[in-house]
Amino acid sequence: SQGPSAREEEIFARLRERVDLETLHRRRVVVVGVGSVGSAIARQLALSGVGHLVLVDGDLLEAHNLVRHELTDRKYLGMNKANGMTLMLGGTVPGLDVRSVPR
């Protein structure tokens, strides 16, 4: 297996001495509901080293959600929240396997 990328090292450096990142990278976590609370939890799990996330939500991101949701970019408006979070996290957390279930 390849070693961590420079971006991974930057993101996970603060955790390296505190947790077993190799074990966390092998873990799969399912987050059901990625609204304001679930989206924050999903983001923190990804930034904490969990390697596989499955995000489940049937709702669409609406303008009134932007003030409290992790998806603050208007480009996600009208998109399913699970799909949007998958795009956002997949593009910002290297090595993360993130999938969505839009229902």
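Three salt bridges are found in this structure, which is a predicted model. Side chains of opposite charge can pair when their charged atoms come close. The table lists each pair with the distance between its closest N and O atoms.

| Salt bridge | Closest N and O atoms |
|---|---|
| Asp 97 and Arg 28 | 4.0 Å |
| Glu 70 and Arg 43 | 3.5 Å |
| Arg 99 and Asp 97 | 2.9 Å |

Asp 97 forms a salt bridge with Arg 28. This pair links distant parts of the chain, with Asp 97 in strand E3 and Arg 28 in strand E1, which covers residues 28–32. Along the sequence, the two partners are 69 residues apart. Arg 99 also forms a salt bridge with Asp 97, and Arg 28, Asp 97 and Arg 99 are linked in a network of salt bridges. Is Asp 97 buried or exposed? Asp 97 has a relative accessible area of 19% and is buried, because the cut-off for buried is under 20%.

Now for the bridge between Glu 70 and Arg 43. Glu 70 sits in the loop between E2 and H4, while Arg 43 belongs to helix H3, so this pair ties together parts that are 27 residues apart in sequence. Glu 70 is partly exposed, at 26% relative accessibility. Arg 43 is partly exposed too, with a relative accessible area of 32%.

**The chain as a whole**

Let's step back and look at the overall layout. The protein chain has four helices and three strands. Following the sequence, you will meet them in the pattern α-α-β-α-β-α-β. The chain has 103 residues, and 38% of them are buried. Its accessible surface comes to about 6,100 Å², and carbon and sulfur atoms account for 51% of that surface. How much of the contact pattern comes from residues 24 or more positions apart? Among contacts with a separation of 6 or more, such pairs account for 58%.

**Inside the core**

In soluble globular proteins, nonpolar side chains tend to be buried together. Here, the largest nonpolar core has 19 residues. Which of them touch the most other members? They are Leu 53, Leu 55, Met 85, Leu 89 and Leu 96. Helix H3 (36–47), strand E2 (52–56) and helix H4 (81–92) are the elements that give two or more residues to this core. H4 provides the largest share, four residues.

Leu 89 is a good place to look at these contacts. Leaving aside residues up to four places away in sequence, Leu 89 touches Ala 42, Arg 43, Ala 46, Leu 53, Leu 55 and Leu 96. Arg 43, one of these contacts, is also the salt-bridge partner of Glu 70.

**A closer look at helix H4**

Helix H4 has 12 residues. From its first C-alpha to its last, H4 reaches 16 Å, close to the 16 Å expected at 1.5 Å a residue. The buried residues in H4 are Lys 81, Ala 82, Gly 84, Met 85, Thr 86, Met 88 and Leu 89. An α-helix has 3.6 residues a turn, so residues three or four places apart point the same way. What covers the buried residues of H4? The cover includes H3, E2 and strand E3 (97–101).

Lys 81 in helix H4 deserves a second look. Lys 81 is buried yet has no salt bridge. The nearest side chain of opposite charge is Asp 59, 4.4 Å away; a salt bridge is counted within 4 Å, so this pair does not qualify. Not counting residues up to four places away in sequence, Lys 81 touches Val 34, Gly 35, Asp 57, Asp 59, Leu 60, Leu 61, Asn 65, His 69 and Leu 71.

**Two loops and a distance**

Finally, look at two of the loops. Val 19 is in the loop between helix H1 (6–12) and helix H2 (21–26). At 34% relative accessibility, Val 19 is partly exposed. Gly 49 is in the loop between H3 and E2, and this glycine is buried, at 0% relative accessibility. How far apart are Gly 49 and Val 19 in space? From C-alpha to C-alpha they are 9.0 Å apart, although 30 residues apart in sequence. Val 19 and Ser 48 are 29 residues apart in sequence and have a C-alpha to C-alpha distance of 9.1 Å.

Technical notes:
Residues numbered from 1 in each chain as written. Predicted model: local features only at pLDDT ≥ 70, side-chain atom pairs only at ≥ 80, totals over all residues. Heavy atoms only, no water. Core = buried A, V, L, I, M, F, W, Y, C linked by side-chain atoms within 4.5 Å. Buried < 20%, exposed > 50% of the residue type's maximum accessible area, 1.4 Å probe, protein only. Contact = heavy atoms within 4.5 Å. Areas by Shrake-Rupley, 256 points an atom, 1.4 Å probe, with all protein chains shown as cover. Lys, Arg positive; Asp, Glu negative; His and termini not counted. Expected span 1.5 Å × (residues − 1).
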